Amino acid sequence: MTRKQRRMTIIGGSLAVLALAAALVLNALRDSIVFFSTPTMVAEKHVEPGKRFRLGGLVQPGSLQRGDNLAVTFEVADGNAKLPVAYKGILPDLFREGQGVVAEGALDAHGVFKADTVLAKHDETYMPKDVADALKKQGHWKDDYGGKPSDSGKTSDAGTPAATTAQGNPQGAMR
């Protein structure tokens with residue numbers, strides 16, 4: 001084999017190994033790439049108890065119940081399905097019924113989503129694109145959902161309303 005053929009063989013083999021590694025990583029992250037799952041997606045996927053994921057949707061009006069020692073239960077809905085959520089901790093100041101929310105946690109054996117983090121949005125008119133698309137697809141979209149954010153709303157550097165954690169810190173903020 002000449003030097004040129006050997007070099008091309010090494011380059012071709014390296015590219016093949018790199019492509020295989022990229023395919024394996026993308027395959028492993030296939031379900032984790034989505035920012036959150038809606039209650040309908042959770043029901044369709046039959047998520048097994050104990051598997052961590054993010055649940056997003058609207059807090060069902062009338063479902064918020066406060067218990068002892070900061071225990072809270074509520075339902076997250078997306079228009080087709082709803083999922084009960086249990087959380088113990090301080091909710092963000094902007095958490096309200098009928099508002100968008102993203103909770104991180106896992107399902108328990110009884111089908112209740114046990115959240116360890118609850119995120120709320122800042123602006124009344126902001127809605128995550130995935131939630132807006134799901135509402136449009138299901139026919140639950142209202143024209144005033146897509147309004148312009150007010151000047152008083154806090155926004156991230158990208159110009160979109162920022163989310164806060166239950167402790168009131170901006171999502172992704174360093175401590």
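**View 1. A salt bridge links Arg 54 and Glu 104 in this predicted model.** Here the two side chains meet with N and O 3.6 Å apart. Arg 54 belongs to strand 1 and Glu 104 to strand 5, so this pair ties together parts that lie 50 residues apart in sequence. The backbone tells a matching story: Glu 104 is also the bridge partner of Arg 54 in strand 5. How covered is each partner, buried or exposed? Arg 54 is partly exposed, with a relative accessible area of 27%, while Glu 104 is buried at 18%. As a reminder for this view, side chains of opposite charge can pair when their charged atoms come close.

**View 2. Strand 1 pairs with strand 5 and with strand 3.** Strand 1 covers residues 52–59, and six of its eight residues are buried. With strand 5 (residues 100–107), strand 1 runs antiparallel, joined by seven bridges. With strand 3 (residues 71–77), the pairing is again antiparallel, and two bridges hold that pair. To find your way along this second pairing, look for Val 59, whose bridge partner in strand 3 is Val 76.

**View 3. Two further salt bridges can be found at Glu 75 and Asp 108.** The whole structure holds four salt bridges, and this view takes in two others besides the pair of View 1. Glu 75 joins Lys 82, with the closest N and O atoms 3.7 Å apart. Glu 75 is partly exposed, at 25% relative accessible area. Asp 108 joins Lys 114, and here the closest N and O atoms are 4.0 Å apart. Asp 108 counts as buried at 18% relative accessibility, whereas Lys 114 counts as partly exposed at 43%.

**View 4. Phe 113 sits in the largest nonpolar core.** This core has 19 residues. Which of them have the most contacts inside the core? They are Leu 55, Phe 113 and Val 118. The elements that give two or more residues to the core are strand 1, strand 3, strand 4 (82–88), strand 5 and strand 6 (113–121). Zooming in on Phe 113, and setting aside residues up to four places away in sequence, you will find a list of contacts that includes Phe 53, Leu 55, Leu 83, Val 85, Ala 103 and Leu 107. Glu 104, the salt-bridge partner of Arg 54, is also touched by Phe 113. A second, separate core has six residues, among them Leu 58, Val 102, Leu 119 and Val 131.

**View 5. Thr 40 is a buried residue of helix 2.** Helix 2 spans residues 39–45 and includes Thr 40. With a relative accessible area of 16%, Thr 40 is buried, because the cut-off for that label is under 20%. Which residues does Thr 40 contact beyond its neighbours within four places in sequence? They are Asp 78, Asn 80, Ala 81 and Gln 138.

**View 6. His 46 and Asn 69 are two loop residues with a positive phi.** Most residues other than glycine have a negative phi. His 46 has a positive phi of about 50°, and its place is in the loop between helix 2 and strand 1. For Asn 69, phi is near 55°; this residue is found in the loop between strand 2 (65–66) and strand 3. Are these residues buried or exposed? His 46 is exposed, at 66% relative accessible area, and Asn 69 is exposed too, at 60%.

**View 7. Four nonpolar residues form a patch on the surface.** The members are Met 8, Ile 11, Leu 15 and Leu 18. Together they offer about 420 Å² of accessible area. Leu 15 lies in helix 1 (residues 3–28) and is exposed, with a relative accessible area of 53%.

**View 8. Stepping back, the protein chain combines three helices and seven strands.** From the N terminus on, the elements run α-α-β-β-β-β-β-β-α-β. Of the 175 residues, 32% count as buried. The accessible surface comes to about 11600 Å², and 56% of that belongs to carbon and sulfur atoms. Among contacts with a separation of 6 or more, 52% join residues 24 or more positions apart.

Terms used: Residues numbered from 1 in each chain as written. Predicted model: local features only at pLDDT ≥ 70, side-chain atom pairs only at ≥ 80, totals over all residues. Heavy atoms only, no water. Buried < 20%, exposed > 50% of the residue type's maximum accessible area, 1.4 Å probe, protein only. Helix = DSSP H or I, 4+ residues; strand = E, 2+ residues; numbered from the N terminus. Pairing = 2+ DSSP bridges. Contact = heavy atoms within 4.5 Å. Patch = residues over 30% accessible without salt bridge, like charges linked within 9 Å, V, L, I, M, F, W, Y side chains within 5 Å. Areas by Shrake-Rupley, 256 points an atom, 1.4 Å probe, with all protein chains shown as cover. Core = buried A, V, L, I, M, F, W, Y, C linked by side-chain atoms within 4.5 Å.
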